[in-house]
Amino acid sequence: MKSFDDYLEMAAAMHRGCVCPGQVLGTRMALLGCELLGLEPPDQEKRLFVFVEIDRCLADAVAAVSGCRLGKRTLKYLDYGKAAATFYDRRTDHAVRIVARDDARDKVPLYADARLDKSAAQVYAYRVMPVDFLFVVQEVVLAIAPEDRPGRPLSRVVCERCGEGINDRREVYAGGQILCRACANGAYYRFSPNHALAGASRTEFLLPMRV
C-alpha cells in the first residue's frame, strides 16, 4: 500500500505538479471510497467505477488515485457542480457516495497555523482533519447499463442527418429518423460557415445549436 504522500504525488502529477486544497480532498476522497469498498487503489481490473460530480481539481485527484479513466469507461462525469463522487465495485455491487462537507472550511483554523495563507492552511488541514469532519458518506444503489460498461461498443449506427457514427445506444429516434443527440437536441458547437473542413457536407453547417 502506498503512503498518502505517494497518492498525493500521483494526483499532483496529473494536475501539472500543483498541490491545492482540491487535490488533497480528492485524494482523501478516493482513498476513503476504495477503503470502504475493500479495494486497493489504483484499480487495475476495471472493477471500480467512479462517478464524479464536478469538473475541478478534486476530479483529477479522484481519477489519478482511483485509476479510473474516461477512456477505460470506468470514470463517469455528471455535471452537478458538487464536490462529490460515487465509488462502485461492480464485482460486489456495493456503492458509496462521498460528499465533501462545506463546513470543513470553518474547521481549518483548528488544524493549521494562523500564519499560513488560506490555500496553504486548507492544504495542511485537509491532510490531517478527521474523515468525519471532511466528508459525508452515503450508501447508494447503482444500476449501470451494459452499454455504459467497459468493453467493445455494443452498437454502432449512423446519424441520418449529419452522417456521423454513434456508439453504444446514444442515438435518438425522432420523426422516423435515427439521429445523434447533437442533431436531435442541438449541439454545444456550431460550424463556421467560412471554414469548411475537408469532406464536410453542406448539411453539417445547418445543424441547430442550443445556447
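A pocket, in the sense used here, is an open set of grid points with protein on both sides within 12 Å along at least five of seven lines, and its lining residues have an atom within 4 Å of a point. Keep that in mind as we look around this structure, which is a predicted model.

## The pockets

Let's start with the largest pocket. How many residues line the largest pocket? There are 21 of them, and Gly22, Leu25, Ala83, Ala100 and Arg105 are the ones that lie nearest its centre. The space inside comes to about 410 Å³. Several elements help to build the wall: helix 2, helix 3, strand 4 and helix 4 (118–128) each give at least two residues to the lining.

The second largest pocket has a volume of about 170 Å³. Its lining is made by Phe51, Arg73, Lys76, Leu142, Ala143, Ile144, Ala145, Asp148 and Arg170. Here are the two pockets side by side:

| Pocket | Volume | Lining by class |
|---|---|---|
| Largest pocket | about 410 Å³ | 12 nonpolar, 3 polar and 6 charged residues |
| Second largest pocket | about 170 Å³ | 5 nonpolar, no polar and 4 charged residues |

One name from that second lining is worth a closer look. Arg73 is part of the wall of the second largest pocket, and in the chain arginine 73 belongs to the loop between helix 3 (57–66) and strand 2 (75–77). Is arginine 73 buried or exposed? Its relative accessible area is 19%, and the cut-off for buried is under 20%, so arginine 73 counts as buried. Its backbone is worth a glance too: phi is near 65°, a positive value in a residue other than glycine.

## Strand 4 and its partners

Now follow strand 4 (94–100). We have already met this strand as one of the elements that supply at least two residues to the lining of the largest pocket. Of its 7 residues, 6 are buried, so strand 4 is largely enclosed by the rest of the structure.

Which strands pair with strand 4? One is strand 3, which runs antiparallel to strand 4 over 6 bridges. The other is strand 5 (residues 135–140), again in the antiparallel sense and over 6 bridges. You can trace a path across these strands: threonine 86 stands opposite arginine 97 in strand 4, and arginine 97 in turn stands opposite glutamine 138 in strand 5. As you look at the side chains, remember that in a regular strand they alternate between the two faces of the sheet.

Strand 3 and strand 4 also form a hairpin, with 4 residues between them. Aspartate 93 sits in that turn and has a positive phi of about 65°.

## A cis bond and some side chains

Another backbone feature comes earlier in the chain. Where does the cis peptide bond fall? It joins proline 41 and proline 42, with omega at about -5°. Proline 42 is part of the loop between helix 2 (21–37) and strand 1 (48–52).

Next, try aspartate 113, in the loop between strand 4 and helix 4. With a relative accessible area of 36%, aspartate 113 is partly exposed. Its side chain makes a polar contact with the side chain of arginine 115 at 2.7 Å. Aspartate 113 and aspartate 102 are 11 residues apart in sequence, and their C-alpha atoms are 20 Å apart in space.

Serine 66 is found in helix 3. This residue is buried, with a relative accessible area of 0%. The side chain of serine 66 reaches the backbone oxygen of valine 62 at 2.7 Å.

## Aromatic rings

Last stop: the rings. A pair of aromatic rings is described by the distance of the centres and the angle of the planes. How many aromatic pairs does the structure hold? There are 3. In one of these, tyrosine 188 and tyrosine 189 have ring centres 4.9 Å apart and planes at 85°; edge-to-face needs an angle over 60 degrees, so this pair fits that description. Ring pairs also link Tyr188, Tyr189 and Phe191 into a cluster.

What about exposure for these two tyrosines? Tyrosine 188 is exposed, with a relative accessible area of 72%, whereas tyrosine 189 counts as partly exposed at 25%.

Note on methods: Residues are numbered from 1 along each chain as its sequence is written. This is a predicted model: local features need pLDDT of at least 70, side-chain atom pairs count only at pLDDT 80 or more; totals for chains, interfaces and linings use all residues. Side-chain values use heavy atoms; hydrogens and water are left out. Buried means under 20% relative accessible area, exposed over 50%, partly exposed in between (1.4 Å probe, protein chains only). On a 1 Å grid over the protein atoms alone, a cavity is a set of points where a 1.4 Å probe fits but cannot get out, and a pocket is an open set with protein on both sides within 12 Å along at least five of seven lines; lining residues have an atom within 4 Å of a point. Grid points are joined across faces, edges and corners, and a volume is the space filled by probe spheres set on the points. Ala, Val, Leu, Ile, Met, Phe, Trp, Tyr, Cys and Pro count as nonpolar, Asp, Glu, Lys and Arg as charged, and the others, Gly among them, as polar. Two strands pair if DSSP finds at least two bridges between them. A polar contact is a pair of N or O atoms within 3.5 Å; within protein, one must be able to donate a hydrogen and the other to accept it, and residues adjacent in sequence count only if both atoms are side-chain atoms. Rings of Phe, Tyr and Trp (its six-membered ring) pair if their centres lie within 6.5 Å; planes under 30 degrees apart count as stacked, over 60 as edge-to-face and the rest as tilted.
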